[in-house]
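Got the viewer open? Take a short walk through this structure with me, one selection at a time.

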Amino acid sequence: MTTATLAPDRSAARRSARGGRRLNRYSGLGLGVAMLWFSLLVLIPLLAVLVTASEGGWSGFWDAVTNEQTAAAIRLTVGTAFGVTLVNVVMGTLIAWVLVRDRFFGKRLLEVLIDIPFALPTIVAGLVLLSLYGPDSPLGVDIHNTRIAVFLAFLFVTLPFIVRTVQPVLAELDHEVEEAAASLGASRFTTFRRIILPSLTPAIAAGAALSFARGVSEYGSLVLLSGNLPMRTEVTSVRILSSIENDNVDNAAAVAAVLLAISFAVIVILDVIQRRVMRRG
Amino acid sequence: MAEQATRPRPRTARGPGRYVARLIVTAYLFFLVAWPLYLVGQNTFEGGLENLSGILEDPDVVHELRLSLMVAVIAVVINTVFGVGVSLLLVRYEFPGKRLLSALLDVPLSVSPIVVGLSLVLVYGGRNGWFGPALEGAGFQIIFATPGIVMATVFVALPLVIREVVPVLEEVGDEQEQAARSLGANAIQTFWRITLPAIKWGVIYGVVLSLARSLGEFGAVKVVSGNVLGETRTTTLVVEEKYLNFDKGGAYAAAFLLALVAVAAIIVVSVLRPKESR
């Protein structure tokens with residue numbers, strides 16, 4: 001379902017690709033109102049995070065971020081998000097492949113399953129995973145309060161991203177090129193590596209960037225699952241929250257600025273990928 | 001999915017690799033999504049309907065369910081109006097900074113919910129926020145009150161309608177709109193009679209997805225709500241509180257209700273979409 005929702009490269013690129021009319025009085029007013037609302041709701045608050053983070057000067061910021069417990073949380077979050085993204089690159093591409101190229105009974109059900117992590121409230125996602133991999137696990141696997149729990153939670157919430165960015169591209173691939181390669185004696189593996197993979201790379205990269213950003217910013221699914229043990233299973237979002245709860249807003253803003261920097265970097269990467277793809281074709 | 005039906009039959013995978021891939025994917029999704037989700041349902045109905053009736057008879061929980069629903073509906077209305085308007089501006093008009101705006105509109109998708117909550121507190125917090133004290137002086141409390149919850153919810157679900165509507169708007173083009181206008185229709189008539197019916201499905205998907213996202217927001221709401229029992233607590237916060245207080249039955253039941261809405265939203269969208277593109 002959410003092909004359009006999760007494939008930012010396509011919609012965002014197309015959004016700015018085509019021009020249109022100039023603004024008239026009413027559309028200009030509409031744009032003004034929309035910008036005012038967007039600024040009050042999103043831009044000014046995010047700016048406030050950056051301003052608050054910079055108020056303590058560079059040394060204040062650096063101290064907040066390199067505090068032992070915070071640094072451990074950032075390392076865990078970024079490292080786990082990176083590992084999960086690697087798994088998603090392989091599994092997401094494979095899932096997209098199966099959904100596009102294979103036909104079997106129950107495929108529609110798989111389609112629904114892939115989108116569930118996107119719509120399921122994150123706190124419920126945590127509880128859902130806890131019921132199979134927690135203390136009462138019918139499998140006898142209890143990963144509750146371990147780092148594996150963090151990995152699993154990230155894996156769950158980032159599941160749709162690569163699948164949904166790769167799927168439409170794979171569906172539109174020109175089959176004739178593949179057939180030509182095969183008829184010229186290329187093995188299936190060579191065809192995949194030389195013909196299919198290069199055309200999928202931008203989509204995989206875009207999905208990977210989104211999946212990484214989503215993992216790094218995750219909070220809700222970890223609350224019940226990971227135990228939030230300092231130095232062990234505590235992620236960055238939880239660190240920020242505990243700073244807020246201890247009324248240490250400056251510290252919270254400094255760590256939040258790191259997360260914001262990661263989100264912005266991801267958006268820039270996505271934009272670059274989009275432009276490349278547009279230029280190519 | 002539906003696109004495949006209209007196109008010439010795609011090349012399908014052959015050979016034993018196909019079955020291996022199918023098996024791996026099915027097993028992966030079974031262990032990661034299907035089985036855990038099923039267990040939540042099973043845990044909810046373990047003692048019959050007791051867990052569900054338990055939370056539905058608790059006046060606090062009912063109040064919280066109602067608050068969640070109200071907040072979600074307000075957020076969806078705001079985001080739909082904003083989303084359709086901004087999509088029209090982005091697709092049909094040319095203005096400086098359009099590209100930047102388009103990129104910034106996606107920011108809420110990748111910002112941590114906790115950071116969303118923090119950013120709102122920094123600006124609208126009653127004690128030392130940028131605008132908070134002035135607003136509070138004028139009688140508007142935002143943080144630790146319902147307006148804050150609404151703002152946090154609108155923030156996190158902001159791009160969803162735009163992302164659904166923009167591609168549809170581009171696909172339908174503006175020829176019909178121009179025709180309507182040349183025949184004497186004004187802007188409002190053109191919008192209601194031509195544009196809106198054409199983008200109807202995009203708007204509906206956006207609304208369904210936003211509704212699911214809005215009902216399920218947890219982190220951002222947790223920061224701005226103050227979590228006051230029976231006052232500013234939403235259903236997702238109930239799940240956490242019940243679980244941490246060892247009322248697992250209640251937590252599963254509340255989670256079950258939320259999951260039901262999410263799954264229903266996904267099914268509605270996946271059932272509707274193919275029909276429309278055929």
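**First stop: Val65(A)**

Select Val65(A) and show what surrounds it: setting aside neighbours within four places in sequence, its contacts are Thr70(A), Ala71(A), Ala254(A), Val255(A) and Val258(A). This is a predicted model, by the way. Val65(A) belongs to helix H4 of chain A, residues 57-66. Now put a distance label between the C-alpha atoms of Val65(A) and Ala256(A): they are 9.6 Å apart, although these positions lie 191 residues apart along the chain.

Is Val65(A) buried or exposed? Neither label quite fits: Val65(A) is partly exposed, because 16 other C-beta atoms lie within 10 Å and being buried takes 20 or more.

**An enclosed helix**

Next, select residues 147-157 of chain A, which form helix H8. Of its 11 residues, 9 are buried, so the rest of the structure largely encloses this helix. Among the buried ones you can click on Phe151(A), Phe154(A) and Phe156(A).

**Into the core**

Which residues touch the most other members of the largest nonpolar core? Try Val49(A), Leu127(A), Ala256(A), Leu118(B) and Ala255(B), out of 170 residues in that core. Then colour helix H9 of chain B (residues 146-172), which supplies the largest share of the core with 16 residues.

Stay with Leu127(A) for a moment. Beyond four places in sequence, its contacts include Leu224(A) in its own chain, and Val40(B), Val239(B), Tyr243(B), Ala251(B) and Ala255(B) across in chain B.

**Where the chains meet**

Show both chains in separate colours. The contact draws 85 residues from chain A and 86 from chain B. On the chain B side, helix H2 (residues 16-44) gives the most, with 17 residues. That side of chain B comprises 59 nonpolar, 13 polar and 14 charged residues.

There is a little strand pairing to find, too: S1 of chain A (residues 21-22) runs parallel to S1 of chain B (residues 93-94), with 2 bridges. Click on Arg21(A) and look for its bridge partner, Tyr93(B).

**Last stop: confidence**

Finally, colour chain B by pLDDT. Its mean is 84, with 91% of residues at 70 or more. Among the elements of chain B, helix H7 (residues 113-124) has the highest mean, 92, and helix H1 (residues 2-6) the lowest, 43. Over residues 1-10 of chain B, pLDDT stays under 50. Where pLDDT is low, the predicted coordinates shouldn't be read in detail. For the complex as a whole, the predictor gives an ipTM of 0.84 and a pTM of 0.85.

Note on methods: Residues numbered from 1 in each chain as written. Chains lettered and ligands numbered in written order. Predicted model: local features only at pLDDT ≥ 70, side-chain atom pairs only at ≥ 80, totals over all residues. Core = buried A, V, L, I, M, F, W, Y, C linked by C-beta atoms within 7 Å. Buried ≥ 20, exposed ≤ 12 C-beta atoms within 10 Å, placed from the backbone. Helix = DSSP H or I, 4+ residues; strand = E, 2+ residues; numbered from the N terminus. Contact = placed C-beta atoms within 7 Å. Nonpolar A, V, L, I, M, F, W, Y, C, P; charged D, E, K, R; others polar. Pairing = 2+ DSSP bridges. pLDDT = per-residue confidence, 0-100.
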